[in-house]
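This briefing presents a structure for inspection, with attention to its pockets, its surface and its charged pairs. The sequence and the coordinates are displayed first, and the commentary follows by topic.

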Amino acid sequence: MIRLGEPRSLGVPAPEARLHFDTELQEVGGGPRRRLLMVDDEPAFELSFYCGTCPLLFRRLETATRKLSLESVQDRLAGALEDPDDGDVIEAFGALLPEGEYLPLLLDVEARLVVPGRQGDYFSGEQVATWGINQFWGLPEYPHTPYYRTFETAVDADAHLYEFVVPMVPPTWNERERVEEYVALMGRGTVPTAVAISTLDVCQPSLGLADDPSTHWGLTHFLLDGHHKLEAAATAGRPVRILSLLALGESLAGTEDSARLPAVRTQPRSARATST
């Protein structure tokens with residue numbers, strides 16, 4: 001982690017925000033169903049369920065078709081931000097977000113592009129080791145999007161942090177020319193900055209019957225800006241900087257867990273050690 005900002009209030013009233021969190025209700029008198037990330041009033045991602053014992057989830061939905069880049073800060077993000085408050089970037093993106101408390105994190109990450117069901121996929125690997133397969137479908141959870149894995153480390157003997165960067169639209173939608181431009185820039189030592197809204201979901205299986213019944217801390221960064229940068233970083237094997245705005249009130253994590261996150265995120269990278 002490069003730098004940690006102070007928690008702060010950001011955003012505009014939810015009806016005016018281009019991005020907000022929502023809960024889908026049952027049709028008649030039911031309880032909550034899906035926890036959703038909304039973009040321009042359309043469901044973009046289904047997120048981990050509220051129960052706390054269900055598996056971690058970010059599932060792209062059919063209406064996820066928009067990115068939230070801002071032309072006004074593109075020049076500032078072409079290089080590495082040195083502080084979360086540089087260049088009024090937080091304020092610019094805060095105008096897209098719903099009112100709430102956010103923790104700014106400035107991170108350097110090495111991104112690896114993962115395709116669901118293939119090598120390195122969290123959902124068919126570490127998640128299955130803890131929760132098993134989805135009992136209804138008889139398959140692992142499926143996120144309906146390629147995504148980037150960037151970091152993991154132990155929280156303690158029974159808990160592990162997994163970090164993901166999730167593009168709003170798939171990398172196949174990126175412009176090849178722009179990706180190649182960033183690959184060339186990174187090859188010359190430039191570290192550009194992406195911007196994300198993030199959640200910390202702490203999920204723990206209830207039965208303890210799996211091969212590795214551990215608690216998963218899922219730090220998930222949903223890209224607001226930087227789709228081409230992340231693909232270029234993964235292609236070139238070069239670092240990219242991320243300004244993460246962690247939505248404290250929308251995360252499935254207690255106050256103590258959120259407070260521990262910055263210290264956990266400064267630990268050395270380590271994979272989960274299991275007996276399987």
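F136 counts as exposed, because its relative accessibility is 69% and the cut-off for exposed is over 50%. The model is a predicted one, and the points below begin with the surface around F136 before turning to pockets, a cavity, a helix and salt bridges.

**Surface patch**

- F136 is placed in the loop that runs between α3 (126-131) and β9 (147-156).
- Together with W137 and L139, F136 makes a nonpolar surface patch of about 450 Å².
- W137 and L139 also appear among the residues that line the second largest pocket.

**Pockets**

- The largest pocket holds about 260 Å³ of space.
- Its lining consists of R33, R34, E46, L47, S48, F49, C54, P55, L57, R59, N134 and E141.
- Two strands, β4 (32-39) and β5 (42-47), each contribute at least two residues to the lining of the largest pocket.
- By residue class, the lining of the largest pocket comprises five nonpolar, two polar and five charged residues.
- The second largest pocket has about 200 Å³ of space.
- Around the second largest pocket stand R59, P116, G117, D121, S124, N134, W137, L139, P140, E141, Y142 and H144.
- The lining of the second largest pocket is made up of five nonpolar, four polar and three charged residues.
- R59, N134 and E141 are named in the lining of the largest pocket and again in the lining of the second largest pocket.

**Cavity**

- Across the whole structure, one cavity of 30 Å³ or more is found.
- The largest cavity contains about 40 Å³ of space.
- Lining the largest cavity are V39, E42, A44, T63, A64, T65, R66 and M168.
- These lining residues of the largest cavity fall into four nonpolar, two polar and two charged.

**Helix α5 and the residue after it**

- Helix α5 (residues 227-236) is largely enclosed by the rest of the structure, because seven of its ten residues are buried.
- The buried residues of α5 are H227, H228, K229, L230, E231, A232 and A233.
- G237, just after α5, adopts a positive phi of about 65°.

**K67**

- K67 sits in the loop between β6 (58-60) and α1 (74-77).
- With a relative accessibility of 31%, K67 counts as partly exposed.
- The C-alpha atoms of K67 and R260 are 31 Å apart in space, and the two residues are 193 residues apart in sequence.

**Salt bridges**

- Side chains of opposite charge can pair when their charged atoms come close.
- The count of salt bridges in the model comes to 17.
- One of them joins the side chains of R34 and E24, at 3.0 Å from N to O. This pair links distant parts of the chain, with R34 in strand β4 and E24 in strand β3 (residues 19-25), ten residues apart.
- R34 is partly exposed, at a relative accessible area of 24%, and E24 is likewise partly exposed, at 23%.
- R34 also belongs to the lining of the largest pocket.
- A further salt bridge is formed by R149 and E126, whose closest N and O atoms are 3.0 Å apart. Because R149 lies in strand β9 and E126 in helix α3, the pair ties together parts that are 23 residues apart in sequence.
- R149 counts as buried, with 7% relative accessibility, whereas E126 is partly exposed, with a relative accessible area of 21%.
- R265 and E163 form another salt bridge, in which the closest N and O atoms are 2.9 Å apart. Distant parts of the chain are linked by this pair: R265 is in helix α6 (residues 255-265) and E163 is in strand β10 (residues 159-166), 102 residues apart.
- R265 and E163 are both buried.
- R18, D40 and R66 are joined into one network by salt bridges that share partners.
- R66, a member of this network, is also one of the residues that line the largest cavity.

Technical notes. Residues numbered from 1 in each chain as written. Predicted model: local features only at pLDDT ≥ 70, side-chain atom pairs only at ≥ 80, totals over all residues. Heavy atoms only, no water. 1 Å grid on protein atoms, 1.4 Å probe; cavity = no way out; pocket = protein on both sides within 12 Å on 5 of 7 lines; lining within 4 Å. Points joined across faces, edges and corners; volume = space filled by probe spheres on them. Helix = DSSP H or I, 4+ residues; strand = E, 2+ residues; numbered from the N terminus. Nonpolar A, V, L, I, M, F, W, Y, C, P; charged D, E, K, R; others polar. Patch = residues over 30% accessible without salt bridge, like charges linked within 9 Å, V, L, I, M, F, W, Y side chains within 5 Å. Areas by Shrake-Rupley, 256 points an atom, 1.4 Å probe, with all protein chains shown as cover. Salt bridge = Lys/Arg side-chain N within 4 Å of Asp/Glu carboxyl O. Buried < 20%, exposed > 50% of the residue type's maximum accessible area, 1.4 Å probe, protein only.
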